[in-house]
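Here are some comments on the model, set out as numbered points. Please read them with the coordinates open.

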Amino acid sequence: MAKQSSIIKIEGTIDDLTFYKSKDGYRIRKKTGVAADRIERDPQFQRTRENGKEFGHVAQMGKLMRRAIIDLLAEVRDDTLVPRMVRRLSKIKNLDSTSVRGDRQVAIGLQTDEGKNLLRGFDFNREAPLQQVLRKDIELDTATGVMTLANFDPTKHLAYPQGTTHVGFRAGFLNINLETEEAELQVSPEVDTAINAAPASITLTPDAVPAGDGNQVHLLLVEFYQEMNGAMYPLNTGAFNALSVVEVV
């Protein structure tokens, strides 16, 4: 590894030399790695091509799913969501036992019981797992998407951040076909309750049953608010909100 001694310091690449700044000063190193055209053609890199193709497919499926639920996802914040979803969908893709390497599909893996179980319980906000936020069983009608929290007591059944005065719930009913890349989401009206409210049942009814012949995915969003002068403000812009996959059919 060479060191730049010239008065004029260079950063960047010239031919096969890379000029860069490190903690030890300005350095020069020779470019390494394999040419892209060789990776595309050389039989030695067949496995690399297969892995790259499948990674691109998984990334596309994750993007499709996130866009499909944007009406709910917009209310949570998690910088780790994309890589976490890629890892989870990759495991589901690996369950495709019918396609050759390089062509394995998330859609096929999701048809298996194990694939559904891998997606079930996925949290879109790592800092607010639903199982920790909501300490109450959810009653779900998978035919209609209706969710019920029977005799819900906010002070006992909810772990809420400091400053919370109200909590809101919304249910999402998604039909997504990862083969055709078609999706439809139906969302229930939000049901709000004060943190100090008396126990009561909460029923969340999506506007309709989504159309489609794909997998049915049921989601629950828990949102925290602070009331001030009669207005409701999202607590810390949604950083504490929970969104999770409750069921996959």
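Is Glu 181 buried, partly exposed or exposed, and what is its relative accessible area? The first point takes this up; note that the model is a predicted one.

1. Glu 181 is partly exposed, because its relative accessible area is 40%, between the 20% and 50% limits. The residue sits in the loop between S7 and S8. Its phi is positive, about 60 degrees, although Glu 181 is not a glycine. As background, most residues other than glycine have a negative phi. The backbone at this position is therefore worth a look in the viewer.

2. The strands on either side of that loop make a hairpin, with 4 residues between S7 and S8. S7 covers residues 166–177 and S8 covers residues 182–187. The two run antiparallel and are joined by 6 bridges. Within this pairing, Asn 175 is opposite Glu 184 of S8.

3. A second hairpin is built from S11 and S12, with 2 residues between the strands. S11 spans residues 215–228, S12 spans residues 231–234, and 4 bridges hold them in an antiparallel arrangement. Met 228 has Ala 231 in S12 as its bridge partner. Asn 229 lies in the loop between these strands and has a positive phi of about 55 degrees, again without being a glycine. With a relative accessible area of 80%, Asn 229 is exposed, because the value is over 50%.

4. Two residues of S7 and S11 deserve a joint look. Phe 169 is in strand S7, and Val 222 is in strand S11. Phe 169 has 0% relative accessibility and so counts as buried. Val 222 is likewise buried, at 0% relative accessibility. Phe 169 is 52 residues from Leu 221 in sequence, yet their C-alpha atoms are 5.7 Å apart. For Val 222 and Gly 168 the separation is 54 residues along the sequence and 5.8 Å from C-alpha to C-alpha.

5. Another contact across the sequence involves Asp 192, in strand S9 (residues 191–194). Its C-alpha atom is 6.8 Å from that of His 166, and the two residues are 26 apart along the chain. Asp 192 has a relative accessible area of 44%, so it is classed as partly exposed.

6. What is the order of the strands in the open sheet of 3 strands? The order is S5-S6-S10, with antiparallel pairing. Strand S5 (139–141) and strand S10 (200–204) are at the edges; each has a single partner strand, so one side of each has no neighbour in the sheet. From one strand to the next the twist averages 15 degrees. S5 is joined to S6 (residues 146–152) by 3 bridges, and Leu 140 has Met 147 in S6 as its bridge partner.

7. Helix H4 passes a simple geometric check. Its 13 residues (residues 81–93) should span 18 Å at 1.5 Å a residue, and the end C-alpha atoms are 18 Å apart, so the two values agree. The buried residues of H4 are Leu 81, Arg 84, Met 85, Val 86, Leu 89, Ser 90, Ile 92 and Lys 93. For a computational chemist, the charged side chains in that list, Arg 84 and Lys 93, may be the entries to inspect.

8. The largest pocket has a volume of about 180 Å³. It is lined by 13 residues, and those closest to its centre are Leu 130, Gln 131, Leu 134, Lys 136 and Ile 138. Helix H7 (130–133) and strand S13 (242–248) are the elements that give two or more residues to the lining. S13 gives the most, with 3 residues. By class, the lining divides into 6 nonpolar, 3 polar and 4 charged residues.

Technical notes:
Residues numbered from 1 in each chain as written. Predicted model: local features only at pLDDT ≥ 70, side-chain atom pairs only at ≥ 80, totals over all residues. Heavy atoms only, no water. Pairing = 2+ DSSP bridges. 1 Å grid on protein atoms, 1.4 Å probe; cavity = no way out; pocket = protein on both sides within 12 Å on 5 of 7 lines; lining within 4 Å. Points joined across faces, edges and corners; volume = space filled by probe spheres on them. Axes fitted to C-alpha atoms, helices over the stretch in contact; angles between N-to-C directions. Expected span 1.5 Å × (residues − 1). Buried < 20%, exposed > 50% of the residue type's maximum accessible area, 1.4 Å probe, protein only.
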